[in-house]
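Open the model in your viewer and keep the selection panel at hand. The tour goes stop by stop.

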Amino acid sequence: MPLLQNARFYTSAHHYRELPKPNGMEIAFAGRSNAGKSSALNTLANHNRLAFVSKQPGRTQLINLFSLDESRYLVDLPGYGYAKVPEETRKHWQKVLSRYLTERESLFGLVLVMDSRHPLTKLDCQMLDWFAPTGKPIHVLLTKSDKLSKYHANKTLEEVNETIETNWGEYITVQLFSSLKKQGIEEAEAVLGDWLYGEDEEDLIEE
Ligand code: GDP
């Protein structure tokens, strides 16, 4: 059974203060709007509409929490970088994202979703700048890899790996992923499985 199959919608938040009290562990998914984050979440959770696959990037967004069990959660963070978002909205989400990434005690690790054709945008780098100093694990999904030739996909993987290693840390892992072709699922599940179930239960934050 796929690792994240039990994911169920739990709650939403528009402001940091609306998030539930930290409990157990959260794995957050972040990415530029349209990078393929919702598709990746749906693919990994084996649901068609767990995370709504957006047809209107940048629409009013929320932080959505999905529970796997009573102490493990997936967090779908609002997509960033959509040009038509009003300045005020952009600032709001920038603040919420930076606060969530730097302060949220129950946040265990970050999955950063990037379109393999346009990886490491300025805002992706900003996310790494905010989160890497926490020392918590980061896994990068280079999505839509089906849109690149095998040669270009592997070249991108190598280059992104190198840049990330040089600028943010050797422990950050990177992989190719395609929701369309269902490629990279096992690799992603191995990383997430290790994060979710590889640690001692004692490390989980008690409610
Ligand atoms: P989000 O805004 O990051 O949540 O992105 P979505 O998951 O909504 O995807 C944005 C667009 O990219 C949609 O039209 C998807 O159908 C498409 N897309 C997502 N993943 C893939 C993929 O692996 N391959 C291809 N070819 N298209 C994809």
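Which residue in E4 is the bridge partner of Ile 27? Select Leu 74: this is the residue of E4 that bridges to Ile 27. Keep in mind throughout that the model is predicted.

**Stop 1: strand E2**

Select residues 25–31, which make up strand E2. Seven of its seven residues are buried, so the strand is mostly covered. Now show the side chains. Met 25, Ile 27, Phe 29 and Gly 31 point one way from E2. Glu 26, Ala 28 and Ala 30 point the other way. Residues of both sets are buried. The background is simple: side chains in a regular strand alternate between the two faces of the sheet.

**Stop 2: the neighbours of E2**

Add E4 to the selection. E2 and E4 run parallel, paired over five bridges. The Ile 27 and Leu 74 pair belongs to this contact. Next add E5. E2 pairs with E5 in the parallel sense too, over six bridges. To find a bridge here, pick Glu 26 in E2 and its partner Leu 107 in E5.

**Stop 3: from helix H1 to strand E4**

Select Lys 37 and Asp 76. Their side chains meet in a salt bridge, with N to O at 2.5 Å. Lys 37 sits in helix H1 (residues 37–45) and Asp 76 in strand E4 (residues 72–76), so the salt bridge ties together parts that are 39 residues apart in sequence. Are these two residues buried or exposed? Both Lys 37 and Asp 76 are buried. In total, the structure holds eight salt bridges.

**Stop 4: within helix H2**

Move to helix H2, residues 87–103. Select Glu 87 and Arg 90. Their side chains form a salt bridge at 3.2 Å, N to O. The two residues are three apart, about one turn of the helix. Glu 87 has 45% relative accessibility, so Glu 87 counts as partly exposed. Arg 90, at 34%, also counts as partly exposed.

**Stop 5: a salt-bridge network**

Select Asp 115 and Lys 144. They form a salt bridge, and their closest N and O atoms are 3.7 Å apart. This pair links distant parts of the chain, 29 residues apart. Asp 115 is in strand E5 (residues 107–115). Lys 144 is in the loop between strand E6 (138–143) and helix H4 (150–167). Now add Arg 117. Salt bridges with shared partners join Asp 115, Arg 117 and Lys 144 into one network. Why does Asp 115 count as buried? Its relative accessibility is 8%, and the cut-off for buried is under 20%.

**Stop 6: the ligand**

Keep Lys 144 selected and show the ligand. A polar side-chain atom of Lys 144 lies 3.0 Å from a ligand oxygen. Lys 144 thus appears at two stops: in the network with Asp 115 and Arg 117, and here at the ligand. Two backbone contacts come next. A backbone N or O atom of Gly 36 is 2.9 Å from an oxygen atom of the ligand. For Leu 180, a backbone N or O atom lies 3.2 Å from a ligand oxygen. Taken alone, the ligand exposes 580 Å², and the protein buries 80% of that.

Finally, display the whole shell. How many residues surround the ligand? There are 16, and the closest are Asn 34, Ser 38, Ser 39, Asp 146 and Ser 179. Colour the shell by class: three residues are nonpolar, eight polar and five charged.

Note on methods:
Residues numbered from 1 in each chain as written. Predicted model: local features only at pLDDT ≥ 70, side-chain atom pairs only at ≥ 80, totals over all residues. Heavy atoms only, no water. Near = heavy atom within 4 Å. Polar contact = N/O pair within 3.5 Å; in protein donor to acceptor, adjacent residues only side chain to side chain. Areas by Shrake-Rupley, 256 points an atom, 1.4 Å probe, with all protein chains shown as cover. Nonpolar A, V, L, I, M, F, W, Y, C, P; charged D, E, K, R; others polar. Salt bridge = Lys/Arg side-chain N within 4 Å of Asp/Glu carboxyl O. Helix = DSSP H or I, 4+ residues; strand = E, 2+ residues; numbered from the N terminus. Buried < 20%, exposed > 50% of the residue type's maximum accessible area, 1.4 Å probe, protein only. Pairing = 2+ DSSP bridges.
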